[in-house]
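Trainee: I'd like a close look at the aromatic rings and the part of the chain that packs around them. Please take it slowly and explain the terms as they come up.

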Amino acid sequence: MAKKRVLKSERGVTLTESVQFDGEPRVMTGVEYIVHSKRKPEGRVFDNKQAARKYFSVQVAFAPKE
């Protein structure tokens with residue numbers, strides 16, 4: 001089970017945080033950061049929030065202005 005939330009979205013690029021849970025009672029097992037864009041719709045997964053934000057910024061720079 002995972003809990004997802006959108007951290008940032010700009011020019012068709014989205015940064016999402018996915019918190020992974022397991023077991024009963026629910027125990028947090030990890031956090032992933034996913035960057036989706038029109039150039040890479042399947043997304044790219046990061047374990048580090050700083051790396052994900054940096055990649056997000058690069059993808060926004062490459063995205064066409066709307």
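Mentor: Let's start with the pairing rule: two rings of Phe, Tyr or Trp (its six-membered ring) make a pair if their centres lie within 6.5 Å, and the pair is called stacked when the planes are under 30 degrees apart, edge-to-face when over 60, and tilted for the rest. Going by that rule, the count here is one aromatic pair. The partners are Phe46 and Tyr55, with ring centres 5.4 Å apart and planes at 50 degrees, so the pair falls in the tilted class. Before we go on, keep in mind that this is a predicted model: local features need pLDDT of at least 70, side-chain atom pairs count only at pLDDT 80 or more, and totals for chains, interfaces and linings use all residues. Residues are numbered from 1 along each chain as its sequence is written, and side-chain values use heavy atoms, with hydrogens and water left out.

Now, where do these rings sit? Phe46 and Tyr55 are both buried (under 20% relative accessible area, with exposed being over 50% and partly exposed in between, using a 1.4 Å probe and protein chains only). Tyr55 has another partner too: the charged end of Arg44 sits over its ring, 4.9 Å from the centre. To count, NZ of Lys or CZ of Arg must be within 6 Å of the ring centre and within 35 degrees of the ring normal. Arg39 does the same with Phe62, its charged end lying over that ring at 4.9 Å from the centre.

Let's zoom out for a moment to get our bearings. The protein chain has one helix and four strands (DSSP runs numbered from the N terminus, with H or I of at least four residues for helices and E of at least two for strands). In sequence order, the pattern reads β-β-β-β-α. The C-alpha trace spans about 45 × 20 × 15 Å along its principal axes. Of the 66 residues in the chain, 30% count as buried.

Back to our two rings, as they belong to a bigger group. Val13, Leu15, Tyr33, Val35, Phe46, Ala52, Tyr55, Phe56, Val60 and Ala63 make up the largest nonpolar core, ten residues in total (buried Ala, Val, Leu, Ile, Met, Phe, Trp, Tyr and Cys joined through side-chain atoms within 4.5 Å). The elements giving two or more residues to this core are β2, β3 (27–36) and α1 (49–62). Helix α1 supplies the largest share, four residues. This fits a general habit: in soluble globular proteins, nonpolar side chains tend to be buried together.

What does Ala63, one of the core residues, touch? Leaving aside neighbours within four places in sequence, Ala63 is in contact with Arg11 and Val13 (contact means heavy atoms within 4.5 Å). Val13 turns up again with Gln59, a residue of helix α1. Skipping neighbours within four places in sequence once more, Gln59 is in contact with Val13, Ser37 and Arg39. Gln59 counts as buried at 8% relative accessibility, and Arg39 is the residue we met over the ring of Phe62.

Follow Gln59 to Ser37, and you land in the loop between β3 and β4 (44–46). Ser37 also counts as buried, with a relative accessibility of 8%. With neighbours within four places again left aside, Ser37 is in contact with Gly12, Val13 and Gln59. Lys38 is found in that loop between β3 and β4 as well, but at 66% relative accessibility Lys38 counts as exposed. The C-alpha atoms of Lys38 and Arg11 are 9.3 Å apart, although 27 residues separate them along the chain. For the chain overall, among contacts between residues at least 6 apart in sequence, 25% join residues at least 24 apart.

Arg11 deserves a last look. Arg11 is in the loop between β1 and β2 and is partly exposed, with a relative accessible area of 28%. Phi of Arg11 is near 50 degrees, a positive value in a residue other than glycine. Another backbone feature to check is the peptide bond from Glu24 to Pro25, which is cis, with omega near 0 degrees. Pro25 has its place in the loop between β2 and β3. For background, most residues other than glycine have a negative phi, and most peptide bonds are trans.
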